[in-house]
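Q: I have a protein model to look at and have not seen it before. Please show me how to read its features one at a time.

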Amino acid sequence: MSRHEINFVKIVTWMACAALMQSSGGDVIRLRDQAFITGSQVKLEDIAQLEGERALSLREVVIAGTNEGEAVKAVDLETVRKALTAQGVNWAFVTLGGFERCVVERQAASEAPSPAAKVSSRAPEASSPGAAMA
């Protein structure tokens, strides 16, 4: 093989590796700015947008609880990180970002917003100014 052919093979191999790494970007958990719950437990699915199999498998993890009579609670990224770390999350495959904190409002079941309204709470893209990444 000539020197040019070897360089060509190296470049093609590098490009294939880069494409493979980019396509396996990992799962993403983005904290929303606000959420509504009807019970006393704040679950990951209540406060975050979840992308990917690993992230979706964590949707039922309880991140925080609310006390009797507590109508509003703020849950920050560090609280989410600690709860998920306790569940054994491998941070090499999961990215945590979004808003610094999510304001969670507890409502009676009869007052709860529709599922569409619950999901409409904005979740920033990882690169937006309000976002914080792991």
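Q: Which residues have the most contacts inside the largest nonpolar core?
A: This is a predicted model. Its largest nonpolar core has 24 residues, and those with the most contacts inside it are I29, L44, I47, I63, V75, V80 and L84.

Q: Which elements each supply at least two residues of this core?
A: The helices that do so are α2 (44-47) and α4 (77-86). The strands are β1 (27-31), β2 (34-37), β4 (48-51), β5 (62-65), β7 (94-98) and β8. With 4 residues, α4 gives the most to the core.

Q: What does L84 touch, not counting residues up to four places away in sequence?
A: L84 touches I29, L44, L58, V61, I63, V89 and W91. I29, L44 and I63 are also among the residues with the most contacts inside the core, as is L84.

Q: How are strands of a sheet held together, in general?
A: They pair through backbone hydrogen bonds, and the pairing is either parallel or antiparallel. In this model, one open sheet has 3 strands in the order β4-β1-β7, with mixed pairing. β4 and β7 are its edge strands, each pairing on one side only. On average, neighbouring strands of the sheet are turned by 15° against each other, direction ignored.

Q: How many bridges join β1 to β7?
A: There are 5 bridges between β1 and β7, and these two strands run parallel. As one position to look at, R30 stands opposite G97 in β7.

Q: Where does α4 lie relative to these strands?
A: α4 lies across β1 and β7, and it runs at about 160° to β7.

Q: Is Q107 buried or exposed?
A: The cut-off for buried is a relative accessible area under 20%. Q107 has 14%, so it is buried. Q107 sits in the loop between β8 (101-106) and α5 (115-119). The side chain of Q107 makes a polar contact of 3.5 Å with the side chain of E105.

Q: What pLDDT does the protein chain average?
A: The average is 80, and 72% of the residues score at least 70. Residues 17-24 have a pLDDT below 50, and this stretch has 0 contacts in the model beyond near neighbours in sequence. Residues 125-134 also have a pLDDT below 50, but that stretch has 20 contacts beyond near neighbours in sequence.

Terms used
Residues numbered from 1 in each chain as written. Heavy atoms only, no water. Buried < 20%, exposed > 50% of the residue type's maximum accessible area, 1.4 Å probe, protein only. Polar contact = N/O pair within 3.5 Å; in protein donor to acceptor, adjacent residues only side chain to side chain. pLDDT = per-residue confidence, 0-100. Contact = heavy atoms within 4.5 Å. Core = buried A, V, L, I, M, F, W, Y, C linked by side-chain atoms within 4.5 Å. Pairing = 2+ DSSP bridges. Axes fitted to C-alpha atoms, helices over the stretch in contact; angles between N-to-C directions.
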